[in-house]
Amino acid sequence: MSASPSRKEHPNNAAGVPMLVPPALENFQIKYINPLMTPLSRKLPGMSVIRHTGRTSGTAYETPVTAYRKGDVLAIGLIHGKTNWVKNVLAAGSADIKVSGKDLHVVNPRVLPAGTVDRSLPLIARVMLRKTGVFVADIA
């Protein structure tokens, strides 16, 4: 049995988008927490579900996230690093997300690296940018 990679060696750990969550917690969340949280996230205040398509498989996925909106901009902190849902949305160029009970379509996805200053983002996203990357997209 091989040991799980450290945060620095983990594939989610990307330049400007450090993985702040330990890999063991990341694996536990993907396997056990996300399947429970996805249906709840559609109804819980402050929680969102992003719908995306696998880059190579074409499989439809739903991932629970905490999204923040300011005007026509949506931001999601990337404490888990540059995960598969982020890579999928970047590759597709768009995604659908349910935020506060509303279905939204987002376009022009991008990742702002840690240390970026962007006053157009929601306050919580600006705070997150001090330590990690933030996924940003425009609401179509």
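## Salt bridges and a nonpolar patch

Me: Is Arg42 buried, partly exposed or exposed?
Reply: This is a predicted model. In it, Arg42 has a relative accessible area of 30%. Buried would mean under 20%, and exposed over 50%. Arg42 is therefore partly exposed.

Me: Which side chain meets that of Arg42 in a salt bridge?
Reply: Arg42 supplies the nitrogen, so its partner must offer a carboxyl oxygen of Asp or Glu within 4 Å. The N to O distance in this pair is 2.2 Å. The partner is partly exposed, at 36% relative accessibility. It is Glu62.

Me: How many residues apart in sequence are the parts that Glu62 and Arg42 tie together?
Reply: Glu62 and Arg42 meet in a salt bridge. Glu62 sits in strand 2, residues 60–65, while Arg42 sits in the loop between helix 1 (23–41) and strand 1 (48–53). The pair therefore ties together parts whose separation in sequence, in residues, is 20.

Me: How many salt bridges does a search of the whole structure find?
Reply: Side chains of opposite charge can pair when their charged atoms come close. Among the bridges here are Glu62 with Arg42, Asp103 with Lys98, and Asp138 with Arg110. The search of the whole structure gives a total of four.

Me: Which strand holds Arg110, the partner of Asp138?
Reply: The side chains of Asp138 and Arg110 form a salt bridge at 3.2 Å, N to O. Asp138 lies in strand 7 (residues 134–139), and the pair ties together parts 28 residues apart in sequence. Asp138 is partly exposed at 22%, and Arg110 is partly exposed at 27%. Arg110 lies in strand 6.

Me: Which residues are joined into one network by salt bridges that share partners?
Reply: Start from the bridge between Asp103 and Lys98, with closest N and O atoms 3.1 Å apart. Shared partners join this pair with one further residue. The network is Arg51, Lys98 and Asp103.

Me: Is Lys98 buried or exposed?
Reply: Its partner Asp103 counts as exposed, at 52% relative accessibility. Lys98 has a relative accessible area of 19%. The cut-off for buried is under 20%, so Lys98 is buried.

Me: What is the area of the nonpolar surface patch that includes Tyr32?
Reply: Tyr32 lies in helix 1. At 42% relative accessibility, Tyr32 counts as partly exposed. With Leu25, Phe28 and Ile33, Tyr32 makes a nonpolar surface patch of about 370 Å².

Key. Residues are numbered from 1 along each chain as its sequence is written. This is a predicted model: local features need pLDDT of at least 70, side-chain atom pairs count only at pLDDT 80 or more; totals for chains, interfaces and linings use all residues. Side-chain values use heavy atoms; hydrogens and water are left out. Helices (H or I, at least four residues) and strands (E, at least two) are DSSP runs, numbered from the N terminus. Buried means under 20% relative accessible area, exposed over 50%, partly exposed in between (1.4 Å probe, protein chains only). Patches are made of residues with over 30% relative accessible area and no salt bridge: like charges are joined within 9 Å, nonpolar side chains (Val, Leu, Ile, Met, Phe, Trp, Tyr) within 5 Å. Accessible areas come from the Shrake-Rupley method with a 1.4 Å probe; for residues, only the protein chains shown count as cover.
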